[in-house]
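Colleague: Please select one part of this model and examine it closely. I should like a connected account of how charged side chains pair there, and of what surrounds them.

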Amino acid sequence: MATSIPNRLLFIDGKWTEPIRKNRIPIVNPVTEEIIGHIPAATAEDVDIAVEAAQTALSRNGGKDWASATGAHRANYLRAIAAKITERKSELAKLEAIDSGKPLEEAAWDIDDVAGCFQYHAELAEALDSKQKTPISLPMEAFKCHVLREPLGVIGLITPWNYPLLMATWKVAPALAAGCTAVLKPSELASITCLELGEVCKEVGLPPGVLNILTGLGPEAGASLASHPHVDKIAFTGSSATGIKIMTAAAQLVK
């Protein structure tokens with residue numbers, strides 16, 4: 001499969017950014033075991049920059065640009081991402097197959113599901129608007145109560161190698177739909193399409209810092225993300241051993 005591997009940097013604050021230490025990790029084709037390219041290797045310094053960008057995006061313009069914008073506003077971006085993913089389906093499927101080792105046909109199904117997931121969460125984002133300030137019936141007339149739905153904050157997303165872009169989307173799409181901003185750290189074993197999601201976000205004009213994508217090793221990038229004091233929630237899929245480490249780090253600040 002003759003497929004050109006894009007040469008990407010880290011995706012931080014809406015821009016391609018060189019890692020502070022300028023380290024890179026080889027991309028190994030699991031079928032041939034050949035090195036077919038390289039991805040940037042983020043470290044704690046890069047995590048700090050990405051989290052700060054996510055914080056800024058969360059509060060920019062008093063939150064009106066993203067966090068407190070209407071769900072319909074955020075849905076427009078999610079649908080644009082879905083459309084761009086569909087447009088690039090063939091290319092993304094080939095990259096997914098060569099990176100993770102799965103059959104091309106299965107990779108193509110995954111890319112369809114990626115677009116469908118962004119579409120689905122666009123609908124959920126719109127539905128949030130009608131649910132804001134839902135009144136709650138109480139037996140005492142002196143009290144008034146309603147439900148206010150607000151984004152949690154900056155979310156750290158750590159995802160595995162077997163469904164690289166799809167598993168990342170399962171975390172990215174709902175976080176963005178809810179008005180959160182995020183830092184995604186995909187598996188270093190399969191990161192190519194997750195970096196391409198950064199290019200998609202750039203092309204559709206997603207506000208800078210809403211989604212940041214850091215490739216790198218778990219002990220150097222993932223651990224820093226899990227323990228970062230300004231990350232409000234961690235979403236993780238992976239091995240039990242890594243999960244224990246992430247839960248331990250997150251528990252220090254009760255994420």
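**Lys185 and the salt bridges**

Modeller: Lys185 is buried, with a relative accessible area of 4%; buried means under 20%, exposed over 50%, and partly exposed in between (1.4 Å probe, protein chains only). This is a predicted model, in which local features need pLDDT of at least 70 and side-chain atom pairs count only at pLDDT 80 or more, while totals for chains, interfaces and linings use all residues. Residues are numbered from 1 along each chain as its sequence is written, and side-chain values use heavy atoms, with hydrogens and water left out.

Lys185 forms a salt bridge with Glu188, with the closest N and O atoms 3.3 Å apart. The term denotes a side-chain nitrogen of Lys or Arg within 4 Å of a carboxyl oxygen of Asp or Glu. Glu188 counts as partly exposed because its relative accessibility is 26%.

Lys185 is also touched by Gly222, which meets Ile158 and Leu217 as well, not counting residues up to four places away in sequence; contact means heavy atoms within 4.5 Å. Gly222 is found in helix α7, where helices (H or I, at least four residues) and strands (E, at least two) are DSSP runs numbered from the N terminus. Gly222 is buried at a relative accessible area of 6%. Its C-alpha atom is 9.1 Å from that of Ala42, although the two are 180 residues apart in sequence. Helix α7, residues 218–227, also holds Ser224, which counts as buried at 18% relative accessibility. Leaving aside neighbours within four places in sequence, Ser224 is in contact with Ala44 and Val47.

The pair of Lys185 and Glu188 can be set beside others, for the whole structure contains 13 salt bridges. One of them joins the side chains of Glu196 and Arg88 at 2.7 Å, N to O. Glu196 lies in helix α6 (residues 192–204) and Arg88 in the loop between α2 (71–87) and α3 (89–100), so this pair ties together parts that are 108 residues apart in sequence. Both partners are buried: Glu196 has a relative accessible area of 1%, and Arg88 stands at 11%. They belong to a network of salt bridges that links Arg8, Arg88, Glu91, Glu196 and Glu199.

A further salt bridge joins Asp112 to Lys89, with the closest N and O atoms 3.0 Å apart. Asp112 lies in helix α4 (residues 104–131) and Lys89 in helix α3, so parts that are 23 residues apart in sequence are tied together. Here both residues are partly exposed, Asp112 at 38% and Lys89 at 28%.
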